[in-house]
Amino acid sequence: RLKCEETIKKVQEKFSEDLKTFRGALNQEIQAMKQDFEELSHQADLNEYETVGGAFEDLADRLNRAKNSAEVVNRREGIVGWAKSNFKDISNIKMEFTPYYTLWLHARSFFYRKSQWMEHEICNLDRDQLKAQILDTWTELQKMEKVTFKNKREAQIVAKELREKYETVKPYLPIVYELKNPG
């Protein structure tokens, strides 16, 4: 029985030590994500849509993994009877991050889809989907430019430039809409 208690105590100590290490690594990752987001949020060159959009996607994955890790840490802290760590910074970063992420996803989407819209056969286009993609994104970009990024100069520039790019394809919508009229 004594040997069993000693083994349990060693396992608990190892578990606690591993938990401290895991929690420390998570806190370091949170700080790194804050710094990475800060740097990414100042990107203003729309021509870098691939690089910046990819970096935002990577950061989104890291935020999701950090959120999952935080839940694991909190469950394990409950197991050993510790107070749960506060990982609100993950939620705060994600809340501030989301509009930027959306902006750069729209940028990547535009440049990927533009060739489909402009160069492929019109019979392959879904007129309603095309109209929704262009007009909904244009409206969202206008809101980002005027409201969301009102005091964020770099992001506001990107939103404006991207909105203007969407405006260049808007004149083709009535043509596509009529040519693809099922009637």
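Start with the salt bridges: this predicted model has a count of 12 of them. Here is the idea behind such pairs: side chains of opposite charge can pair when their charged atoms come close.

**Stop 1: a pair in helix 1**

Select Lys14 and Asp18 and show their side chains. They meet in a salt bridge, with 2.9 Å from N to O. Both residues belong to helix 1 (residues 2-40), where they are four residues apart, so about one helical turn separates them. Colour the two by accessibility next. Lys14 is exposed, with a relative accessible area of 51%, while Asp18 is partly exposed at 38%.

**Stop 2: a network around Arg163**

Now select Glu145, Lys146, Arg163 and Glu167, which are linked in a network of salt bridges. Begin with Arg163 and Glu145, whose closest N and O atoms are 2.6 Å apart. Arg163 lies in helix 5 and Glu145 in helix 4, so this pair ties together parts that are 18 residues apart in sequence. Are these two residues buried or exposed? Both Arg163 and Glu145 are buried.

Keep Arg163 selected and turn to Glu167. These two form a salt bridge as well, with 2.5 Å between the closest N and O atoms. Both lie in helix 5, four residues apart, about one turn of the helix. Their surroundings can be compared by number: Arg163 is buried, with a relative accessible area of 10%, and Glu167 counts as partly exposed at 32%.

**Stop 3: helix 5 as a whole**

Widen the selection to residues 153-169, which make up helix 5. This helix has 17 residues and reaches 25 Å from its first C-alpha to its last, close to the 24 Å expected at 1.5 Å a residue. Next, highlight its buried residues: Ala155, Gln156, Val158, Ala159, Leu162, Arg163, Tyr166 and Val169. Turn the view to look down the helix axis. Where do the buried residues of helix 5 fall? They sit within an arc of 160°, so they line one face of the helix. To see what covers them, show the partners, including helix 3 (88-119), helix 4 (127-148) and helix 6 (173-179).

**Stop 4: Tyr166 and its neighbours**

Stay in helix 5 and zoom in on Tyr166. Tyr166 is buried, with a relative accessible area of 1%. Which residues is Tyr166 in contact with, leaving aside its neighbours within four places in sequence? Select His106, Ser109, Phe110, Trp117, Gln133, Ile134, Thr137, Trp138 and Leu141 to see them. For a sense of distance, add Phe15 to the view: Tyr166 and Phe15 are 151 residues apart in sequence and 54 Å apart in space, C-alpha to C-alpha.

**Stop 5: a nonpolar patch on the surface**

Switch to a surface view and select Met118, Ile122, Tyr172, Ile175 and Leu179. Together they form a nonpolar patch on the surface, with about 460 Å² of accessible area. Pick out Ile175, which is found in helix 6. Ile175 is partly exposed, with a relative accessible area of 47%.

**Stop 6: helix 2 and what follows**

Finish with residues 49-80, which form helix 2. Its 32 residues reach 46 Å from the first C-alpha to the last, close to the 46 Å expected at 1.5 Å a residue. Step just past the end of helix 2 and select Gly81, which takes a positive phi of about 80°.

Terms used: Residues numbered from 1 in each chain as written. Predicted model: local features only at pLDDT ≥ 70, side-chain atom pairs only at ≥ 80, totals over all residues. Heavy atoms only, no water. Helix = DSSP H or I, 4+ residues; strand = E, 2+ residues; numbered from the N terminus. Expected span 1.5 Å × (residues − 1). Buried < 20%, exposed > 50% of the residue type's maximum accessible area, 1.4 Å probe, protein only. Arc of directions from axis to C-beta. Contact = heavy atoms within 4.5 Å. Patch = residues over 30% accessible without salt bridge, like charges linked within 9 Å, V, L, I, M, F, W, Y side chains within 5 Å. Areas by Shrake-Rupley, 256 points an atom, 1.4 Å probe, with all protein chains shown as cover. Salt bridge = Lys/Arg side-chain N within 4 Å of Asp/Glu carboxyl O.
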